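The exercises below are meant to be worked with the sequence and the model side by side. Try each task before reading its solution.

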Amino acid sequence: MKALTFHGRRDVRVDEVPDPRIEQPTDAVIKVTSSAICGSDLHLYEVLGPFLSKGDILGHEPMGIVEEVGAEVSHIKPGDRVVIPFNISCGSCWMCERGFFAQCETTQNRDTGKGASLFGYTELYGSIPGGQAEYLRVPQAHFGPIKVPDEHPDERFLFLSDILPTAWQAVAFAELPDDGTLAVLGAGPVGQFCARIGHHLGAPRVIVVDSVPERLEMARRHGAETVDSTDVDDVAEALIEMTSGRGPDGVIDAVGMEAHDSPAGKAAHAAVAALPDAVANPIADKMAVDRMGALRTAIKSVRRGGTVSVSGVYGGEVDPMPMMEMFDRGITMRMGQCHVKRWIDDILPAVMDDSDPLGTLDMTTHHLPLDQAPHGYEIFQKKQDNCIKVILHP
Ligand SMILES: NC(=O)c1ccc[n+]([C@@H]2O[C@H](COP(=O)([O-])OP(=O)(O)OC[C@H]3O[C@@H](n4cnc5c(N)ncnc54)[C@H](O)[C@@H]3O)[C@@H](O)[C@H]2O)c1
Ligand SMILES: [Zn+2]
Ligand SMILES: [Zn+2]
């Protein structure tokens, strides 16, 4: 089959690879119809290369049609239309029973000291072949796949694989009081859905921060106030000013480790990415610093006693944190990979609603054949051609 594979920093290619097949009785194989590129894939493309091998198949936002199931898979059958959550969880271990699906102890990566396995997300998370491919082997398929109706375009359901539940979790973790104001840093696909879900769950005011005009325009189209970070001297001060001098009650960091405006961090990233893998791995895992511009803004702007909710991915082990600010202001921080299936029942009514309250059909800017995936990565990373979200069609 054809699949999008990693070859090096900013070098991904569509290669011929062996077809996946059922290996365990709990596996399924799906024929992929749509597979999105995520901001998390951009971290692989730019800075997390030391944890990938040449030929690794990327992608963790797939959906498609069930081709074949193992003997222990009964809730789906060949021909069903399914969305595949990006984390691979068993549904029945101690963590899964408590809804911590991103920490599943059955698929946990104890040798690397990480949580549950993820599709297409490095040797740290199990080196599981990803879904930007014609076919995908789905481990733990007796639990993971989400069955969706046959009607409506893929886009209506595809984002259940990751960015819709990720945004839902980010808003839930922000613990807004009634009438609370939500600020969202980053107007990528995750930030866009955070803002829309914030409104949907009752926040009267949502303020979105970014510097990319078409992304800010999309946020306004869905009811958010916006701050262009290039228009203000200090984003945190601007947010505090907009909220009666107090700061937003909840601030979501939907940016992660590659934030703009952290020159020191950027130099450290470039230095690590340029090292040979054997040298770079321990450095990147044990000593790396993230580019923390957005996280610092979140911590400096949230009102005293408020909550910073981090959905952006971080990977540094020794990131310097402004502890005095965090302690004195008495903030709460919540973060982590999304526990996808924990939120699906909450989100499905909105996704099934024909008025499309979360705007699933107003997110994707580019539909590309799988062959053009390398172009998709490039324009998404460089924000060219007004690119906000790319869906690949194998
Ligand atoms: N926790 C999870 O389970 C989970 C799931 C999906 C994605 N993510 C992470 O969420 C983050 C966002 O994903 P995405 O797909 O929206 O990516 P994206 O790269 O499209 O969006 C990031 C946005 O942040 C903006 N930005 C950069 N620096 C900023 C700053 N200092 N202040 C404000 N905005 C800034 C960029 O212009 C961009 O629009 C990534 O880190 C991704 O890895 C996490
Ligand atoms: Zn993702
Ligand atoms: Zn489990």
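Helices and strands here are DSSP runs, a helix having at least four residues and a strand at least two, numbered from the N terminus. The model is predicted.

**Exercise 1. Place Ala187 in the chain and decide whether it is buried or exposed.**

Solution. Step one is the position: Ala187 sits in the loop that runs between strand 8 (181–185) and helix 5. Step two is the count of neighbours. A residue is buried if 20 or more other C-beta atoms lie within 10 Å of its own. Ala187 has 28 C-beta neighbours inside 10 Å, so it counts as buried. Step three is the list of contacts. Apart from neighbours within four places in sequence, Ala187 is in contact with Gln192, Val208, Asp210, Val212, Arg215, Leu216, Met218 and Ala219. Finally, 15 Å separate the C-alpha atoms of Ala187 and Thr360, which are 173 residues apart along the chain.

**Exercise 2. Find the domains and state how they meet.**

Solution. Begin with the division: domain 1 covers 2–147 + 364–393, and domain 2 covers 164–335. The centres of the two domains, taken over C-alpha atoms, are 25 Å apart. At the contact, 13 residues of domain 1 meet 17 residues of domain 2. Sorted by class, the side of domain 1 that touches domain 2 has four nonpolar, five polar and four charged residues.

**Exercise 3. Describe the shell around ligand 1 and explain why the ligand lies between the domains.**

Solution. Start with the residues. The shell has 34 residues, of which Gly39, Ser40, Gly186, Gly188 and Gly256 come nearest to ligand 1. Next, sort the shell by class: 15 residues are nonpolar, 15 are polar and four are charged. Then look at the elements. At least two shell residues each come from helix 1 (39–46), helix 4 (163–174), helix 5 (189–200), strand 9 (205–210) and helix 10 (293–301). Helix 1 gives the largest share, four residues. The last step concerns the domains: because domain 1 and domain 2 both give residues to the shell, ligand 1 lies between them.

**Exercise 4. Determine how many residues of helix 1 are buried, and what covers them.**

Solution. First name the buried residues of helix 1: Gly39, Ser40, Asp41, His43, Leu44 and Tyr45. These are six of the eight residues of helix 1, so the helix is largely enclosed by the rest of the structure. Then look for the cover. It includes strand 1 (2–8), strand 2 (11–16), strand 3, helix 5 and helix 13 (373–382).

One of these buried residues, Leu44, is touched by Thr122, which also touches Leu48, Phe51 and Leu52, not counting residues up to four places away in sequence. Thr122 itself belongs to the loop between helix 2 (94–97) and strand 6. With 24 other C-beta atoms within 10 Å, Thr122 is buried. From Thr122 to Gly49 the C-alpha distance is 8.3 Å, across 73 residues of sequence.

**Exercise 5. Work out which strands pair with strand 12, and in which direction they run.**

Solution. On one side of the pairing, strand 11 (residues 250–253) is joined to strand 12 by four bridges, and the two run parallel. Here Ile252 has Ser309 of strand 12 as its bridge partner. Four bridges also join strand 12 to strand 13 (residues 332–335), again in parallel. In this pair, Val310 is matched by Met335 of strand 13. Between these two strands the chain passes through helix 11 (residues 323–328), making a right-handed β-α-β crossover.

Now consider the faces. In a regular strand the side chains alternate between the two faces of the sheet. In strand 12 (residues 307–310), Thr307 and Ser309 are on one side, Val308 and Val310 are on the other, and all are buried.

**Exercise 6. Compare the faces of strand 6 and find its partner.**

Solution. Both faces of strand 6 (residues 135–138) are covered: Tyr135 and Arg137 on one side and Leu136 and Val138 on the other are buried. The partner is strand 3 (residues 28–37), joined to strand 6 by four bridges in an antiparallel arrangement. Within this pair, Val29 stands opposite Arg137.

Methods: Residues numbered from 1 in each chain as written. Chains lettered and ligands numbered in written order. Predicted model: local features only at pLDDT ≥ 70, side-chain atom pairs only at ≥ 80, totals over all residues. Near = placed C-beta within 6 Å. Nonpolar A, V, L, I, M, F, W, Y, C, P; charged D, E, K, R; others polar. Domains from an automatic or database assignment. Buried ≥ 20, exposed ≤ 12 C-beta atoms within 10 Å, placed from the backbone. Pairing = 2+ DSSP bridges. Right-handed = clockwise from strand over helix to strand, strands pointing away. Contact = placed C-beta atoms within 7 Å.
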